[in-house]
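Visitor: I have a structure to look at and some questions to ask. Can we go through them one by one?

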Amino acid sequence: MDTTHKLDTMIINEKIIYVDIDGTICSGGSIPHEQFSDIPEDYLNASPFPKRIEKINSLYNEGNTIVYWTARGCKSKQIKELYDLTLKQLTEWGALFHDLQVGNKPHFDQYICDKSYNADTWFDDEELKISTRMRDTMGREEYERIAIME
């Protein structure tokens with residue numbers, strides 16, 4: 001099954017940039033590992049991080065090829081459903097991209113690579129770092145209640 005979405009042709013001679021979705025350009029990871037099923041319902045309440053999306057959009061506008069790459073569907077194998085949901089979310093959030101890859105990124109706890117960046121470091125988003133620390137120190141319901149109010 002083809003799970004790619006191409007808005008434009010790939011651009012040659014510029015950077016090809018792969019961008020994670022959950023925890024990078026939107027909220028994610030608030031469901032405890034033992035309760036996480038990797039089904040569409042797990043992602044319905046994802047909230048976009050507009051400043052981060054704007055920064056990725058600026059890379060797109062500079063001529064770089066942007067590929068959103070997510071592990072959504074790797075565990076549940078509900079790739080079609082999660083592809084459709086993810087495409088809808090990215091469109092609603094105003095994300096610009098050339099390709100969307102769903103279900104072909106391995107699910108892992110840590111990624112070590114000479115070309116990778118930690119999202120918080122790359123975006124240098126102090127407000128989001130504080131929000132992430134809050135999520136990690138409080139209960140899920142309290143964090144989600146606060147996130148909805150923002």
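Visitor: Which residue has its backbone nitrogen 3.2 Å from a polar atom of the side chain of N64?
Guide: This is a predicted model. Begin at the side chain of N64 and look for a backbone nitrogen. At 3.2 Å from one of its polar atoms lies the backbone nitrogen of K15.

Visitor: Which residue places its backbone oxygen 3.0 Å from a polar atom of the N64 side chain?
Guide: Find N64 in the loop between α1 (50-61) and β2. Now look for a backbone oxygen 3.0 Å from a polar atom of its side chain. That oxygen belongs to L59.

Visitor: Is N64 buried or exposed?
Guide: The cut-off for buried is under 20% relative accessible area. N64 has 7% relative accessibility, so N64 counts as buried.

Visitor: How is L96 classed, by its relative accessibility?
Guide: L96 sits in the loop between α2 and β3. Buried means under 20%, and exposed means over 50%. L96 has 29%, so the class is partly exposed.

Visitor: Which residues is L96 in contact with, leaving aside neighbours within four places in sequence?
Guide: Take N61 as a start. It is 35 residues from L96 in sequence, yet the C-alpha atoms are 8.5 Å apart in space. N61 is one of the contacts of L96. The full list is N57, Y60, N61, I66 and Y68.

Visitor: What separates the C-alpha atoms of H98 and V67 in space?
Guide: H98 is found in the loop between α2 and β3. With a relative accessible area of 1%, H98 is buried. Along the chain, H98 and V67 are 31 residues apart. Their C-alpha atoms are separated by 5.9 Å.

Visitor: How far does helix α2 reach from its first C-alpha to its last?
Guide: Helix α2 covers residues 79-92, which is 14 residues. At 1.5 Å a residue, 20 Å is expected. The model comes close to that, with a reach of 20 Å.

Visitor: Which residues of α2 are buried?
Guide: An α-helix has 3.6 residues a turn, so residues three or four places apart point the same way. Cover for the buried residues of α2 includes β2 (65-70) and β3 (99-102). The buried residues are I79, L82, Y83, L85, T86, L87, Q89 and L90.

Visitor: Which residue just after α2 takes a positive phi?
Guide: Step past the end of α2 and check the backbone angles. A phi of about 80° turns up there. The residue is G94.

Visitor: How many disulfides does a search of the whole structure find?
Guide: Look at two cysteines. C26 is buried, with a relative accessible area of 0%. C74 counts as buried too, at 15% relative accessibility. The search of the whole structure finds zero.

Visitor: In what order do the elements of the chain run?
Guide: The chain has five helices and three strands. Read them from the N terminus on. The order is β-α-β-α-β-α-α-α.

Visitor: What share of the contacts with a separation of 6 or more comes from residues 24 or more positions apart?
Guide: The chain has 150 residues, and 43% of them count as buried. Now turn to its contacts with a separation of 6 or more. Residues 24 or more positions apart account for 79%.

Visitor: What is the mean pLDDT of the chain?
Guide: Of the residues, 71% reach 70 or more. The mean over the chain is 78.

Visitor: How many contacts does the stretch 143-150 have beyond near neighbours in sequence?
Guide: Over these residues the pLDDT is below 50. In the model, the contacts beyond near neighbours number seven.

How values were computed: Residues numbered from 1 in each chain as written. Heavy atoms only, no water. Disulfide = S-S within 2.5 Å. Buried < 20%, exposed > 50% of the residue type's maximum accessible area, 1.4 Å probe, protein only. Helix = DSSP H or I, 4+ residues; strand = E, 2+ residues; numbered from the N terminus. Expected span 1.5 Å × (residues − 1). Contact = heavy atoms within 4.5 Å. Polar contact = N/O pair within 3.5 Å; in protein donor to acceptor, adjacent residues only side chain to side chain. pLDDT = per-residue confidence, 0-100.
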